[in-house]
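Hi everyone, thanks for making time. I'd like to walk you through a structure that's probably new to most of you, so have a look at it first and then we'll go through it piece by piece.

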Amino acid sequence: MAPQNPRIIALFDVDGTLTIPRGEVTPDMMQFMHDLSKKITVGIVGGSDLPKQEEQLGDGIASVFPYNFSQNGLVAYKDGELQDVQTISKFLGEDNIKRIVNWTMKYLADIDIPVKRGTFIEFRSGMMNISPVGRNCSREERNDYEKVDLARGIRKDMVAAMKKEFADLGLTYSIGGQISFDVFPMGWDKTYCLKYLPEGDFDEVHFFGDKTFEGGNDYEIFSSERTIGHTVTSPEDTKEQCTKLFMS
């Protein structure tokens, strides 16, 4: 069933926008999204891969709303049908992937932080996700690391070092969430998903995200000339803003 205003589409980040960071969507929030989808066209665009998106938003999320983009749109679904998949290994080549991994492990070995866990580099088909504390950390360790990172600029300093070391590869670095940052080729930020939204099909393209500051992983799509960007602070704020904009 088509929404009342199909030519208006709203794209939503996941962490901090539809859920708490790495948390699961609440039944109330998911019901709101279903109600919203009766008013306008809805799409999801997250940096994580589809299995992680399903952990947060539910199994089969790629078929729930008209558009679903994981890994910033490098894995794209429309009406539940896979449209395309792009991979970083094909784009950069294995020699450059090894070069990045080797440098990263050496750099992380010299960082002094309260705890280190596991999965410091997560290789995804469209990007590399790097976490100084390790993605296997607990919720409490995640929250503690975020405070240290904000105070010492650990991720910002590492990104600056990588920009210098790998200047020849044309990479983009995007800090998102509490504990990690993404590394991917230029143009493979969340604006990548816009290629699946023909300009003639939509009068308005809205984007809602929490990391909309420069350097955040929502910044490029938030500031794109194709979108109307909205900064949110929580799932509750997302609901409130969308209610005012689309549900009246």
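**A walk through the model**

Let's start with the cysteines: the structure holds 0 disulfides. Take C193, which is in no disulfide, and whose nearest cysteine sulfur, that of C242, is 16 Å away. A pair would have to be within 2.5 Å to count. And is C193 buried or exposed? It's buried, at 0% relative accessibility. C137 is buried too, with a relative accessible area of 10%. I should say right away that this is a predicted model, so please keep that in mind for the rest of the talk.

Okay, on to the sheet. As general background, strands of a sheet pair through backbone hydrogen bonds, and they can do that parallel or antiparallel. Here we have an open sheet of 4 strands, in the order β6-β7-β9-β8, with antiparallel pairing. Which strands stand at the edges? Those are β6, residues 121-123, and β8, residues 171-176. Each has a single partner strand, so one side of each is left without a neighbour in the sheet. On average, neighbouring strands of this sheet are turned by 20° against each other, ignoring direction.

Now look at β7 and β9 in that order. Strand β7 covers residues 128-130, strand β9 covers residues 180-185, and they pair in the antiparallel sense over 3 bridges. If you want a spot to zoom in on, find N129, which stands opposite D182 in β9.

Next, the helices. Helix α6, residues 154-165, lies across β7, β8 and β9, and it runs at about 175° to β8. Helix α5, residues 139-152, packs with α6 at an angle of about 60°, with their axes 6 Å apart. The two helices are therefore oblique to each other. Who meets whom there? From α5 we have Y145, V148, D149 and R152, and from α6 they meet I154, R155 and D157. What kinds of residues make up this contact of α5 with α6? The split is 3 nonpolar, no polar and 4 charged.

While we're on charged residues, let me show you R22. You'll find R22 in the loop between β1 (5-12) and α1 (27-36). R22 is buried, with a relative accessible area of 19%, and the label applies because the cut-off is under 20%. Setting aside its neighbours within four places in sequence, R22 is in contact with D15, S48, K52, E55, Q56, R135, R139 and R142.

Over to another pair of strands. Strand β2, residues 40-45, is joined to β3 by 3 bridges, and these two run parallel. V45 stands opposite F69 in β3. Both faces of β3 are covered: Y67 and F69 on one side are buried, and so are N68 and S70 on the other.

Last stop, two backbone oddities. N72 sits in the loop between β3 (67-70) and β4 (75-78), and its phi is near 65°, a positive value in a residue other than glycine. T119, in the loop between α4 (94-109) and β6, has a positive phi as well, near 60°, and isn't glycine either. How do they sit with respect to the surface? N72 is buried, with a relative accessible area of 3%, whereas T119 counts as partly exposed at 32%.

That's my tour, so over to you for questions.

Notes. Residues are numbered from 1 along each chain as its sequence is written. This is a predicted model: local features need pLDDT of at least 70, side-chain atom pairs count only at pLDDT 80 or more; totals for chains, interfaces and linings use all residues. Side-chain values use heavy atoms; hydrogens and water are left out. Buried means under 20% relative accessible area, exposed over 50%, partly exposed in between (1.4 Å probe, protein chains only). Two strands pair if DSSP finds at least two bridges between them. Axes are lines fitted to C-alpha atoms, for helices over the stretch in contact, and angles run from 0 to 180 degrees between N-to-C directions. Contact means heavy atoms within 4.5 Å. Angles under 35 degrees count as roughly parallel, over 145 as roughly antiparallel, 65 to 115 as roughly perpendicular and the rest as oblique. Ala, Val, Leu, Ile, Met, Phe, Trp, Tyr, Cys and Pro count as nonpolar, Asp, Glu, Lys and Arg as charged, and the others, Gly among them, as polar.
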